[in-house]
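Me: I am new to this structure and would like a close look at a single part of it, with the rest brought in afterwards for context. Please take me through it slowly.

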Amino acid sequence: MAARLVQRCCWRHLGAFVSTPSAVPASLLVPAGKVVMARALPQAPFALFHTSSPSSWADGFSVKEQVEDSGNPEHKVIGELIETATSPQELFQLSELHDLNSNQASLIITQLSRLAAEKKLETGSILQDERFQQLIGITDDQISQVWNNTLVNLLKSLYSLGVDSSRREMQSVEQEVLWRLRRLTFRQLASLAEFLAVKQGKESKLLNEVIKKLELRWTELEGTRTVVTLMAKVGHISPTLMDRLEDKALELAEQFNLDDIRKITLALAYQNRRCVPLLRALSYHLIQKHPELSLNILMDLIFAYGKLNFHQPQVFQKIATDLHPHISTMTPVEVTRCIRSFALLKWLSLPLSEAIAQYALDNTKQLSVAHLCSIILSFARLNFQPSGSEDFFNMVHEELQDQLDNLEPHLLTDLVWSLCVLQQAKAPYLQRVLAPEFHTRIRGDQSLKAQNLRLKLIHINAAAKLESPDYRGPFLPAEMLNVAEPAGEKVTLLQSSLRDALAGVLGSRDNGRFDVRTIYGWQIDAEMVVNNENKPLPLKDFAAPHLLRSEGTKPLPPGARRVAFLRWEFPCFSNRSKDLLGRYVMARRHVQAAGFLVVDVS
């Protein structure tokens with residue numbers, strides 16, 4: 001470091017010494033036509049000397065750098081030769097034919113990196129070339145004289161070429177960049193951060209320092225491209241910076257093009273950042289200003305909205321309408337990705353879903369078992385029955401009947417559960433998952449995944465008992481029907497309101513039950529028994545076959561009925577659309593089949 005500082009001081013004194021034209025031979029002076037410009041810029045009177053004054057680091061190419069770049073005809077010619085070179089050999093020949101300075105050597109290394117990437121060249125031969133080592137040596141000897149923009153590109157090029165990070169020359173470039181961070185422009189910092197985030201990740205010390213500077217100077221942020229790039233590539237590393245970027249994106253929302261909107265929504269989705277004001281603004285401009293959307297943008301948008309569980313009916317309707325003509329030409333992966341996203345959003349578009357069902361019929365041979373299962377799971381979540389359901393499910397059974405043994409247990413359980421929702425589960429499916437050898441593997445497992453699997457098996461067991469009269473077994477044993485209450489589950493406002501409302505109707509706590517966990521796997525929010533005059537009766541006196549352990553043994557009196565209150569609590573959806581959720585529909589069917597009059601509460 002001390003040597004570096006001495007070197008800088010020497011260059012500064014040398015620059016001061018040659019500031020008088022008489023001190024330099026006439027052959028080295030800038031041509032007369034350029035002297036007028038040099039006098040207007042006293043910091044850089046001669047193109048020959050690249051002094052390292054702090055003012056020269058103020059921008060990407062400072063005024064001084066621009067003058068030096070154009071002031072020397074030989075430098076200009078060399079720069080053009082570097083830019084137009086089409087092979088590493090041409091660049092290496094330049095280093096042999098000309099006495100290069102550190103900027104020119106850096107430009108050659110940058111061009112080598114670019115050619116290697118564009119032409120997919122082997123970088124090993126470039127790094128081992130003796131002339132490349134000479135270029136690195138030139139830049140290292142005069143590293144303080146390399147211009148800011150060239151220095152940033154040099155660092156990125158050395159990383160791209162795979163230069164060992166432990167090399168002294170590499171560490172010298174990194175250290176020089178670290179020293180100059182305060183003097184780099186915001187755009188240079190953003191470019192460097194984008195590159196380091198992809199190339200090195202969160203562990204990079206230099207990247208962390210760059211991000212700190214971006215956080216401090218975020219008010220300098222301007223231009224949609226920089227905002228989009230930082231959100232997509234760097235935002236996940238710094239939540240603080242991402243907050244600033246979201247604010248700036250909201251300010252610039254009207255200026256974003258379609259690809260910008262796609263990249264921002266994907267960045268938010270991958271980082272699980274549900275910034276509602278920004279998503280609303282992007283949705284508005286998407287509808288107002290962009291009438292035509294390509295297939296790739298449609299797919300990415302619906303994926304992002306589904307991942308963030310962000311509901312915007314106008315956008316969904318537009319995406320579904322625009323996707324419909326593309327369905328027949330889409331790949332199986334695109335089709336399954338599309339319907340899965342709509343299922344996550346619980347948004348049913350009948351024309352689109354019909355088109356996907358027809359696609360499955362027309363392209364059966366191209367659909368893998370995983371694709372077919374994904375379509376069935378999505379249809380079940382939406383409770384969608386194709387208009388040609390008989391043909392569709394005949395195809396499904398034919399394709400799946402020989403593949404059940406090959407399915408992973410959780411996927412097989414989800415598949416059978418979905419067929420139960422759609423009322424298409426035949427005996428072979430039920431027998432596979434209700435067989436003792438299948439469910440004994442999870443009996444002692446208390447993980448969340450195993451608990452979810454156990455709950456779905458109880459639902460399947462209920463469907464087998466209540467909706468499949470021809471099914472003869474096997475069934476789950478009684479000890480598996482007891483569902484543990486979720487730890488830390490809070491009482492919602494709707495639940496407390498329901499309890500308050502029923503308290504006056506029941507008259508006594510003995511006339512009702514709350515949060516009833518049934519042997520069918522479904523939770524009844526409130527339960528009561530009324531006689532033929534609709535007056536509440538004490539529950540504990542009567543047998544309760546829907547409970548694992550019943551308090552009473554008496555049968556219900558003639559004309560008496562059981563009433564169950566099922567809560568519908570999804571604030572993003574209207575009461576009208578509740579039957580789109582296959583899970584709720586199956587719960588309602590099973591509770592009705594158990595002898596209850598169901599009352600929906602929302």
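Reply: In strand β2, Glu-527 is the residue that serves as the bridge partner of Arg-513, and this pair is a good place to begin reading the model, which is a predicted one. The pairing belongs to a longer stretch, in which strand β1, residues 512–517, and β2 run antiparallel to each other over five bridges. The two strands form a hairpin with five residues between them, and in its turn Gly-521 has a positive phi of about 90°.

β2 also pairs with strand β4, which covers residues 561–567, and here too the sense is antiparallel, over five bridges. Within that pairing, Met-528 stands opposite Val-563 of β4. A further antiparallel pairing, over two bridges, links β2 to strand β3, residues 536–537, where Pro-536 is the bridge partner of Val-530. β2 and β3 likewise make a hairpin with five residues between the strands. The loop between β2 and β3 holds Asn-534, whose phi is near 65°, a positive value in a residue other than glycine. As background, most residues other than glycine have a negative phi, and most peptide bonds are trans.

How many of the eight residues of strand β2 are buried? Seven of them are, and β2, spanning residues 523–530, is therefore largely enclosed by the rest of the structure. Here a residue counts as buried when its relative accessible area is under 20%. It also helps to remember that in a regular strand the side chains alternate between the two faces of the sheet.

To set this part in its context, the protein as a whole has 28 helices and five strands, and 49% of its 602 residues are buried. Among contacts with a separation of 6 or more, 71% are between residues 24 or more positions apart.

The largest nonpolar core contains 148 residues, and Phe-132 and Met-231 have the most contacts inside it. Helix α17, residues 295–308, gives this core its largest share, nine residues. Beyond its neighbours within four places in sequence, Met-231 is in contact with several residues, including Met-242, Leu-245, Ala-249, Ile-264 and Leu-278, as well as Glu-246 and Gln-271. Another core, of twelve residues, lies apart from the largest one, and among its members are Leu-547, Trp-568, Leu-581 and Val-591. In soluble globular proteins, nonpolar side chains tend to be buried together.

Two helix pairs can be followed in the same careful way. Helix α11, residues 186–199, packs against helix α12, residues 205–216, at an angle of about 145° and with the axes 9 Å apart, and the crossing is left-handed. Among the residues that meet there are Phe-186, Leu-189 and Leu-196 from α11, and Leu-206, Val-210 and Lys-213 from α12. Sorted by class, this contact has eleven nonpolar residues, no polar ones and one charged residue. In the loop between α11 and α12 sits Gly-201, which is buried because its relative accessible area is 17%, under the 20% limit. Leaving out residues up to four places away in sequence, Gly-201 touches Leu-196 and Leu-207, while its C-alpha atom is separated by 8.4 Å from that of Ile-237, 36 residues apart along the chain.

The other pair is helix α23, residues 409–421, with helix α26, residues 448–467, packed at an angle of about 35° with the axes 10 Å apart, again in a left-handed crossing. Trp-417 and Cys-420 are among the residues of α23 in this contact, and Leu-453 and Ile-460 are among those of α26. By class, the contact has eight nonpolar, three polar and four charged residues.

A few single residues complete the reading. His-397 lies in helix α22, residues 389–400, and is buried, with a relative accessible area of 8%. Not counting residues up to four places away in sequence, His-397 touches Gln-424, Lys-426 and Tyr-429. Lys-346, found in the loop between α19 and α20, has a positive phi of about 55° although it is not a glycine, and at 12% relative accessibility Lys-346 also counts as buried. Finally, a cis peptide bond joins Gly-473 and Pro-474, with omega about 10°, and Pro-474 has its place in the loop between α26 and α27.

Methods. Residues numbered from 1 in each chain as written. Predicted model: local features only at pLDDT ≥ 70, side-chain atom pairs only at ≥ 80, totals over all residues. Heavy atoms only, no water. Buried < 20%, exposed > 50% of the residue type's maximum accessible area, 1.4 Å probe, protein only. Helix = DSSP H or I, 4+ residues; strand = E, 2+ residues; numbered from the N terminus. Pairing = 2+ DSSP bridges. Core = buried A, V, L, I, M, F, W, Y, C linked by side-chain atoms within 4.5 Å. Contact = heavy atoms within 4.5 Å. Axes fitted to C-alpha atoms, helices over the stretch in contact; angles between N-to-C directions. Left-handed = near helix turned anticlockwise from the far one by under 90°. Nonpolar A, V, L, I, M, F, W, Y, C, P; charged D, E, K, R; others polar.
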